[in-house]
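The exercises below are to be worked through with the sequence and the coordinates side by side. Try each task before reading its solution.

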Amino acid sequence: MPFAAIVRRSCVLLALLVCVATPLSAQIESQLSAYTGANATGYLQPLANAFGADLNCGIFRSASIPHLRPSLRLEVQVMSVFFGDDDKTFMAVTEHGFSPEQRVSAPTVVGSEKAVLVDGDGGTSYAFPGGFDLHSFALAAPQLRVGGLFGTEAIFRYFAIRVAGGDGEENKDLGDINFFGFGLKHDISQYMPPGLPVDLSAGFFWQRLSIGENERGGHLMESNAFSIGVQASKKLAYFFVPYTGLSYDTHSMSVSYDTESDGTKKTENIDLDKTSTLHFTLGLMLNTPGMNIFGEYNIASLSSFSFGVGLGF
Amino acid sequence: MKVITKNAALILLTAILIAGASSCIMEDRLVEFVVTEETCAPFDIDSPLANFEEAAVVFLADDLNEVLGDNDAAREDIVTARIVSLSYSVTQFSHTHDWDITGAVTVERQDVTDGPDTLLNYTDQSVEGALGVKVQASLNEDGVDLINRALDDFIAGGNPVLIFKVANGGVNPAPSVSDHIVFQWEPCLVTHIVVKKDIEVPDPF
């Protein structure tokens, strides 16, 4: 394997550990350049929804927090959603003065790879770009938990990497990732009457993720997520900890890309629909001293799952 | 011993995750992209007569090769290419009074015998009213078909060259030797080129 290919694969793998979406971002910009306004929003909305669902899962887990004992745990987790048939198409409208104006079912970013063509007046035709035929969309994130002071735990997610600047065009296309999240979780069992069968906690978490680079040096996509909720867990025999949670999540996403779709080069800024959803979590953690492994399923407007491993005390 | 076992399990799990990531997260897709090309043919009009003619040559193959290069695509990647629309605008006009013009724009091939065919007709078009404005034209099927044939020839390996001609038939008020009609205008064709690209996308589950 040529050295350049090894370097490229290494970069891709590194990116995968934090955000498998990054290689997609440059290709998405190419597809978006055919679209403006409402078409761009419709094309990207399923991906924005997936970002929100992924970011807002795998955060809280066990409700048990030490009251006055230092704890530190580094975790790596994968969060993913599956796309349904409804996510695959949107109603697109012809642009560029095409006559007559037509509304057709066209692929979204996760839809069919095939372009859709419609015929117009005088032998003209209009083409809507294909999607990337994605069945799932996953993010991976490192997460650090620091506790326990008066039953409070701080949670951080952070990663920053620039995969651009290589000799090859494909390396350049990977763009950059900036990811930061912060939240707090507090043990509320301590305020309850003794004898509760489960541990209870409440917490919030805020995140910002920016990916890729447009031709003007700005971020191609920027995503903000916020979650606030309550959790319950119960430590059982053999280190098994089933847990559940109910939260209220919000997510917003903006995209800034370059287009020449109307003949003049300009930057198109798109604010995708902000989503808000109730979010119910069911999960199981194997929590041994020094290490834990977990898996969870999240029911929300777009359901997701998450799994990962943590190391610490 | 317990610590060693736990660490070994962790390393094994991480290795499985990474191995899985490298082999099955990225999937190949043959995605159809749409490249939008705008081809313009500028005309300089300076005439004492109402029935003036002006021609502009467009090297279509050169324009298409350039836009394909900008999008990391080649001629062999093209699935189809078709005319989307045509607009025209006046780019320079400095008369003290306006003119209304009536006529047609025709298109023909320079590299092979094809055409001329009428691409569009304009009737009582205010020159001043089109200054800096994109006026969408109603296209004639014969002219569009000729350009679509040229696009098909390009995909097949040809190098089509188009000649656009303005054949103006009427001007109101009528120009004269002492009052030439002088302006620059530019019809612009929008073409959609569908190209297929083999790319890797993340689709892990």
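A residue counts as buried if 20 or more other C-beta atoms lie within 10 Å of its own, and as exposed if 12 or fewer do. The model is a predicted one, and by the burial criterion 50% of the 313 residues of chain A count as buried.

**Exercise 1. Determine how far chain A can be read with confidence, and which segments call for caution.**

Step 1. Begin with the chain as a whole: the mean pLDDT of chain A is 83, and 84% of its residues reach 70 or more.

Step 2. Then look for stretches that fall short: pLDDT stays under 50 over residues 1-14 of chain A, for which the model has 16 contacts beyond four places in sequence, and it also stays under 50 over residues 164-174 of chain A, with 24 such contacts.

Step 3. Where pLDDT is low, the predicted coordinates should not be read in detail.

**Exercise 2. Describe the make-up of chain A and the side of domain 1 that touches domain 2.**

Step 1. Chain A contains 4 helices and 15 strands, and among its contacts between residues at least 6 apart in sequence, 62% join residues at least 24 apart.

Step 2. The domain assignment divides chain A into domain 1, made of 3-83 + 135-312, and domain 2, made of 84-133.

Step 3. Across the boundary, 15 residues of domain 1 of chain A are in contact with 14 residues of domain 2 of chain A. On the domain 1 side, helix 2 (22-32) and helix 3 (37-55) of chain A each supply at least two residues, and the largest share, 7 residues, comes from helix 3 of chain A.

Step 4. Sorted by class, this side of domain 1 of chain A has 9 nonpolar, 5 polar and 1 charged residues.

**Exercise 3. Which residues of helix 2 of chain B are buried, and why do they lie on the same side?**

Step 1. Within helix 2 (residues 60-70) of chain B, the residues B:Leu60, B:Leu64 and B:Leu68 are buried. They lie on the same side of helix 2 of chain B because they cover an arc of only 60° around the axis.

Step 2. An α-helix has 3.6 residues a turn, so residues three or four places apart point the same way.

Step 3. On the other side of helix 2 of chain B, B:Asp62, B:Glu66, B:Gly69 and B:Asp70 are exposed.

Step 4. The cover over the buried residues of this helix includes strand 1 (26-40), strand 3 (53-58), helix 3 (141-155) and strand 8 (162-172) of chain B.

Step 5. Finally, helix 2 of chain B is followed by B:Asp72, whose phi is positive, near 55°.

Notes: Residues numbered from 1 in each chain as written. Chains lettered and ligands numbered in written order. Predicted model: local features only at pLDDT ≥ 70, side-chain atom pairs only at ≥ 80, totals over all residues. Arc of directions from axis to C-beta. Contact = placed C-beta atoms within 7 Å. pLDDT = per-residue confidence, 0-100. Domains from an automatic or database assignment. Nonpolar A, V, L, I, M, F, W, Y, C, P; charged D, E, K, R; others polar.
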